[in-house]
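Visitor: Please pick one part of this model and take me through it closely, then show what surrounds it. Plain description is enough.

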Amino acid sequence: MIVLGIETTCDETAAAVVERNAEGQGRILSNVVLSQINEHAAFGGVVPEIAARAHVEALDSIIAKAMNEAQVSFAALDGIAAAAGPGLIGGVIVGLTMAKAIALVHNKPLMAVNHLEAHALTARLTDATAFPYCLFLASGGHTQILGVRGVGDYLRIGGTVDDAIGEAFDKTAKLLGLGYPGGPLVEKEAAHGDPERFKLPRPMAGRHDANFSLSGLKTALRLEAEKIAPLSDGDVADLCASFQQAVSEVVMDRLRAGLGMFREQVGVPTALVCAGGVAANQAIRKVLHRVAFEIGISLVAPPPALCTDNGAMIAWAGAERLALGLTDSLAIAPRARWPLAEVTKAAGS
Ligand code: KG4
Ligand code: ZN
């Protein structure tokens, strides 16, 4: 089956066409992503109203490009999928309404996909990873450890109680005057800094649950920076290195706890899977390899272009749902908030 997927929940306008064969293997026929980074950079973060307007302006040409590159007609599609949340509601409305219009005009099934479910299922598109697996999702908006037991069957093992990890990287970069998005810039500075110079906390370390807290770390970093201001280039590099080291150690500790909970509640995972922009960070990637190695499972890390927001993951999640007969009515509403644990196998959920 061939599915068109539309993603507009944050600052990427994306559309893709993906094929899923009868054996459940996936193939990407096209994957077009337009990043709005330039529109938001001056504000140091995503501005929802600007994002929604930019989606309206770009979406039809992005879909046309995806269809053209895939060399398929609307009539040849088996279904249309759009991210129906969670996300910035203005953008979600744009993408879901577009998907409804295409589904209505061409009389095709609609799949209203949960954006987090799409991240969760990407490893099955790229690596045909079997259920059940443990997912570490870390982006600018989300930080979660999940048990992925099947399509529409997710167990939330842990998550952040305040900031997402990507958000903490972005705020650190902003504080140090590095620009936006902050993750890659902090990583670059950290490469020539001293990770031991500043003693930053490891929030939540040693706790039995698998939750994260990043806001205290961010505050501790700000206090250290204020103590030694004005900052030299060397100070900035050392602050970035110390911050990245603290986050990496927190991720290691929290994932060990999360994998222990997975084993108790689900069983032995087939793999540790990572998703989200933060997984591009090499220091964090090293930690992920280490915790997977410790318990004898492999780390599945989809290529960065499929770890960050994209249309292929939405199309794929739509295809996985369509294969199970899980389609949605045109009356389905977009959702700003939509925890993955509330996604079920029931159609129209
Ligand atoms: O998944 P993503 O592209 O978008 C969403 O947030 O949904 O993730 C973007 C986030 C940003 O916060 C960015 O700073 C962070 O991922 N990020 C990184 C790195 N590359 C991107 N964080 C740390 N190190 C990186 N190399
Ligand atoms: Zn995302």
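**The metal site and its surroundings**

Guide: Helix 4 (residues 115–127) contains both His 115 and His 119, which are 4 residues apart, or about one turn of the helix. Helices here are DSSP runs of H or I with at least four residues, strands are runs of E with at least two, and both are numbered from the N terminus. The model is predicted, so local features are given only at pLDDT of at least 70 and side-chain atom pairs only at pLDDT 80 or more, while totals for chains, interfaces and linings use all residues. Residues are numbered from 1 along each chain as its sequence is written, chains are lettered from A and ligands numbered from 1 in the order in which they are written, and side-chain values use heavy atoms, without hydrogens or water.

The two histidines serve one site. His 115 (NE2), His 119 (NE2) and Asp 309 (OD) are the protein donors of the zinc ion (ligand 2), at 2.1 Å from the ion. A donor is an N, O or S atom within 2.8 Å of the metal (3.2 Å for Na, K and Ca), and because water is not among the atoms, a site may look incomplete. Along the chain the donors are spaced as H-x3-H-x189-D. His 115 counts as buried because its relative accessibility is 3%, and His 119 is buried as well, at 2%. Buried means under 20% relative accessible area, exposed over 50%, and partly exposed in between, with a 1.4 Å probe and protein chains only.

Pro 86 leads back to the site, since His 115 is among its contacts. Leaving aside neighbours within four places in sequence, Pro 86 also touches Thr 9, Asn 114, Leu 116, His 142, Arg 335, Ala 336, Arg 337 and Trp 338; contact means heavy atoms within 4.5 Å. Pro 86 sits in the loop between strand 4 (79–85) and helix 3 (89–106), and its relative accessible area of 9% is why it is classed as buried.

Helix 4 is followed by a loop that reaches strand 6, and Ala 128 is found there. Ala 128 has a positive phi of about 50 degrees although it is not a glycine, and at 55% relative accessibility it counts as exposed. Pro 132 lies in this loop too, and a cis peptide bond joins it to Phe 131, with omega about -5 degrees. Most residues other than glycine have a negative phi, and most peptide bonds are trans.

Asn 107 belongs to the loop between helix 3 and strand 5 (110–114). Its phi is near 55 degrees, a positive value in a residue other than glycine, and its relative accessible area of 70% makes it exposed.

Past the loop after helix 4 come paired strands. Strand 6 (residues 133–138) and strand 7 (residues 143–150) pair in the antiparallel sense over 6 bridges, pairing being assigned if DSSP finds at least two bridges between two strands. The hairpin between strand 6 and strand 7 has 4 connecting residues. Strand 7 is also antiparallel to strand 8 (residues 153–159), again through 6 bridges. Val 148 of strand 7 stands opposite Tyr 133 and has Tyr 154 as its bridge partner in strand 8. The hairpin of strand 7 and strand 8 has 2 residues between the strands, and Gly 152 in it takes a positive phi near 75 degrees. Of the 8 residues in strand 7, 7 are buried.

The other ligand completes the picture. Around ligand 1 there are 16 residues, of which Gly 140, Asp 170, Gly 183, Glu 187 and Gly 277 come nearest; a residue is near a molecule or strand if one of its heavy atoms lies within 4 Å of it. A polar backbone atom of Gly 183 is 2.9 Å from an oxygen atom of ligand 1, and a backbone N or O atom of Gly 277 is likewise 2.9 Å from an oxygen atom of this ligand. Asn 281 places a polar side-chain atom 3.0 Å from a nitrogen atom of ligand 1.

Technical notes:
A polar contact is a pair of N or O atoms within 3.5 Å; within protein, one must be able to donate a hydrogen and the other to accept it, and residues adjacent in sequence count only if both atoms are side-chain atoms.
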